[in-house]
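Me: I would like to learn how to read a structure with two chains, taking one feature at a time. Could you give me the general idea for each feature and then the case at hand?

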There are 2 protein chains.
Amino acid sequence: MRVRVQVMLKEGVLDPQGEAVRHALGALGFEGVAGVRQGKLIEIDLAATDRAAAEVEVRAMCDRLLANTVIETYRIELVE
Amino acid sequence: MRVRVQVMLKEGVLDPQGEAVRHALGALGFEGVAGVRQGKLIEIDLAATDRAAAEVEVRAMCDRLLANTVIETYRIELVE
């Protein structure tokens, strides 16, 4: 089973990487870009086939390793 | 309009960052992790309100800046 985890900085947390992308887009001539936030996308292939169990396990992975929940939020999506 | 761009390394391209996460998950006791790939997640707030025009513009941003299409693929998702 493949699980996709999206990790983003929380609203209000400064995101210099996103700001850099926003500036670069402006320099390339793209107008009307009000804001850019950059996060991480992690795809995990699990041996587990039970969807509920997989979600519980991935949530534990996020809390313990993949996301810093002080400043980041995460979203889990079961792909297949 | 908010657009979410998912940038991942193509299949077959080595992903040392994903490998490092896989090892770390194993060290933490998570078993049954067959593979991990790590990519980028970019959220863009656009002034444009036309969905088709926004998608065309973001596709251009990906080709010119956000993704290295030699080794990466991207997926565009219009959020709102």
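Reply: What follows goes from the relation of the chains to their helix contacts and then to single residues, and throughout it should be kept in mind that this is a predicted model.

Me: How are chain A and chain B related, by what turn and what shift along the axis?

Reply: In general, two copies of a chain are related by a rotation about an axis and a shift along it. Here, a turn of 180° with a shift of 0.0 Å along the axis lays chain A on chain B, and the RMSD of that superposition is 0.0 Å. The two copies are therefore related as by a two-fold rotation axis. If you want a landmark for that axis in chain A, take A:Lys40, whose C-alpha is the nearest to it at 2.4 Å.

Me: Through which surface do the copies meet?

Reply: The way to find out is to compare the interface residues of the two chains. Of the interface residues of chain A, 100% are also interface residues in chain B, so the copies meet through the same surface.

Me: At what angle do helix H2 of chain A and helix H1 of chain B pack, and which residues make the contact?

Reply: Read the angle together with the distance between the axes, and only then turn to the residues. Helix H2 of chain A, residues 51–66, packs on helix H1 of chain B, residues 16–27, at about 105°, and their axes are 11 Å apart. Since angles of 65 to 115 degrees count as roughly perpendicular, H2(A) is roughly perpendicular to H1(B). On the side of H2(A) the contact is made by A:Met61, A:Leu65 and A:Leu66, and on the side of H1(B) by B:Val21, B:Ala24 and B:Leu25. Sorted by class, this contact has 6 nonpolar residues, with no polar and no charged ones.

Me: And what is the angle between H1(A) and helix H2 of chain B?

Reply: For that pair the angle is about 105°, with the axes 11 Å apart, which makes H1(A) roughly perpendicular to H2(B). The residues in contact are A:Val21, A:Ala24 and A:Leu25 from H1(A), together with B:Met61, B:Leu65 and B:Leu66 from H2(B), and they divide into 6 nonpolar, no polar and no charged.

Me: Turning to single residues, is A:Arg4 buried or exposed?

Reply: The quantity to read is the relative accessibility, and under 20% a residue counts as buried. A:Arg4, which lies in strand S1 of chain A, has a relative accessibility of 10% and therefore counts as buried. Its side chain makes a polar contact of 3.1 Å with the side chain of A:Glu43. Beyond its neighbours within four places in sequence, the contacts of A:Arg4 include A:Leu41, A:Ile76 and A:Val79, as well as B:Gln6 and B:Arg75 of the other chain.

Me: What does A:Glu31 count as, and where does it lie?

Reply: A:Glu31 lies in the loop between helix H1 and strand S2 of chain A, and at 66% relative accessibility it counts as exposed.

Me: What does B:Arg22 count as, and with which residues is it in contact?

Reply: B:Arg22, in helix H1 of chain B, counts as partly exposed at 27% relative accessibility. Its side chain is joined to that of B:Glu19 by a polar contact of 3.1 Å. Leaving aside neighbours within four places in sequence, B:Arg22 is in contact with B:Val33, B:Ala34, B:Gly35 and B:Val36. The C-alpha atoms of B:Arg22 and B:Val36 are separated by 5.7 Å, although these residues are 14 residues apart along the chain.

Note on methods: Residues are numbered from 1 along each chain as its sequence is written. Chains are lettered from A and ligands numbered from 1 in the order in which they are written. This is a predicted model: local features need pLDDT of at least 70, side-chain atom pairs count only at pLDDT 80 or more; totals for chains, interfaces and linings use all residues. Side-chain values use heavy atoms; hydrogens and water are left out. Copies are superposed by least squares on the C-alpha atoms of residues with pLDDT of at least 70 in both. Contact means heavy atoms within 4.5 Å. Axes are lines fitted to C-alpha atoms, for helices over the stretch in contact, and angles run from 0 to 180 degrees between N-to-C directions. Helices (H or I, at least four residues) and strands (E, at least two) are DSSP runs, numbered from the N terminus. Angles under 35 degrees count as roughly parallel, over 145 as roughly antiparallel, 65 to 115 as roughly perpendicular and the rest as oblique. Ala, Val, Leu, Ile, Met, Phe, Trp, Tyr, Cys and Pro count as nonpolar, Asp, Glu, Lys and Arg as charged, and the others, Gly among them, as polar. Buried means under 20% relative accessible area, exposed over 50%, partly exposed in between (1.4 Å probe, protein chains only). A polar contact is a pair of N or O atoms within 3.5 Å; within protein, one must be able to donate a hydrogen and the other to accept it, and residues adjacent in sequence count only if both atoms are side-chain atoms.
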